[in-house]
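This report examines how the parts of one protein model fit together. Please keep the sequence and the structure in view while reading.

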Amino acid sequence: MNHKYSVIVFDLGNVLIPFTYEGAYRKLNEIDEGLGDRFREYYKSVYEMHRSFERGDITDETFIDTMLTNLERKVDKETFINLYAKVFTENKEVTALLPILKERYKLVLLSNTNSIHMEYGWRQYDFLQYFDKLILSHEVKAVKPEEKIYEAVENYTKLPPEEHIFIDDIADYVQGAKKRGWDGIQFISAEQLITDFKVRGIL
């Protein structure tokens, strides 16, 4: 299919801002031996709760209280929020493309995220200014690859599906976009993304 791209939709985590919780686990181990290791295993085991939080189905207070209980109340709320949210770094090779792309395309951010990560983790990044719209899972009550979250983008752009292209590091989320008639690129590296953009005539 020949695409006339009007909208470039970017994922946030591990595309624009790589993240890891390993530093948080290490700091928890420093607070109490083994605490971070135990929490790592616990957090992996409650993936559905994490997804519910991203979907906005549970409140900050409920999520935090559950996490603090599992942490045996050995850290306070403020400490937990800092450990949980200060996990991001900027991929400047990718964010440097945004002002260039902005000259020709509408830019939309589409992220499975939560209110704590937004407020304390990534809201301060300057590159957000280049986006025309942020579509966030906890605000639209849907997570990728649920159809509703891609619909939220189209409801904003008012443009045909084939004029959208989506960049995400997770193949299933890219496939969810393609099912709606979008083009999609699974993000591997900045170099690969630039190559894929050039092949499509985007850059």
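The sections below treat helix packing, empty spaces and selected residues in turn.

## Basis of the report

The structure is a predicted model. The values given here are therefore computed from predicted positions.

## Two crossing helices

Two packed helices are described by the angle between their axes and the distance between the axes. In this model, helix α5 covers residues 77-85 and helix α8 covers residues 115-122. Their axes come within 9 Å and cross at roughly 80°. Angles of 65 to 115 degrees count as roughly perpendicular, and α5 and α8 are therefore roughly perpendicular to each other.

Which residues make the contact between α5 and α8? Helix α5 contributes Ile81, Tyr84 and Ala85, while α8 contributes Ile116, His117, Tyr120 and Gly121. By class, the residues of this contact are five nonpolar and two polar, with no charged residue.

## The largest pocket

Rolling a probe the size of a water molecule over the atoms shows where empty space is left. The largest pocket has a volume of about 530 Å³. It is lined by 26 residues, of which Phe19, Tyr21, His50, Glu54 and Asn112 are the closest to its centre.

Three elements give two or more residues to the lining of this pocket: α2 (35-45), α3 (47-54) and α8. The largest share, four residues, comes from α3. The lining of the largest pocket is mixed in class, with eleven nonpolar, eight polar and seven charged residues.

## The enclosed cavity

How many cavities of 30 Å³ or more are counted? The count comes to one. The largest cavity has a volume of about 80 Å³. Its lining consists of Tyr21, Ala24, Tyr25, Leu28, Phe39, Tyr43, Phe80, Leu83 and Tyr84.

Helices α1 (22-31), α2 and α5 each give two or more residues to the lining of the largest cavity. By class, this lining has nine nonpolar residues, no polar residues and no charged residues. Tyr21 appears among the residues closest to the centre of the largest pocket, and Tyr21 also lines the largest cavity.

## Buried sides of α2 and α10

In α2, the buried residues are Leu35, Gly36, Phe39, Arg40, Tyr42 and Tyr43. The buried residues of α2 pack against four helices, namely α1, α3, α4 and α5. Among the buried residues of α2, Phe39 and Tyr43 also belong to the lining of the largest cavity.

Helix α10 (residues 147-157) has Ile149, Tyr150, Ala152, Val153, Glu154 and Thr157 as its buried residues. These pack against the strands β1 (7-10), β2 (106-111), β3 (133-136) and β4 (164-168), and against the helices α9 (137-140) and α11 (171-179). After α10 comes Lys158, whose phi is positive, near 60°.

## Two individual residues

Arg55 lies in the loop between α3 and α4. Is Arg55 buried or exposed? Its relative accessible area is 19%, and buried means under 20%, so Arg55 is buried. Leaving aside neighbours within four places in sequence, Arg55 is in contact with Ser137, His138, Lys141, Ala142, Val143 and Glu146.

Thr69 lies in helix α4 (residues 60-70). Because its relative accessibility is 46%, Thr69 counts as partly exposed. Thr69 and Ile116 are 47 residues apart along the chain, and their C-alpha atoms are separated by 18 Å. Ile116 is one of the residues through which α8 makes its contact with α5.

Key: Residues numbered from 1 in each chain as written. Predicted model: local features only at pLDDT ≥ 70, side-chain atom pairs only at ≥ 80, totals over all residues. Heavy atoms only, no water. Axes fitted to C-alpha atoms, helices over the stretch in contact; angles between N-to-C directions. Parallel < 35°, antiparallel > 145°, perpendicular 65-115°, else oblique. Contact = heavy atoms within 4.5 Å. Nonpolar A, V, L, I, M, F, W, Y, C, P; charged D, E, K, R; others polar. 1 Å grid on protein atoms, 1.4 Å probe; cavity = no way out; pocket = protein on both sides within 12 Å on 5 of 7 lines; lining within 4 Å. Points joined across faces, edges and corners; volume = space filled by probe spheres on them. Buried < 20%, exposed > 50% of the residue type's maximum accessible area, 1.4 Å probe, protein only.
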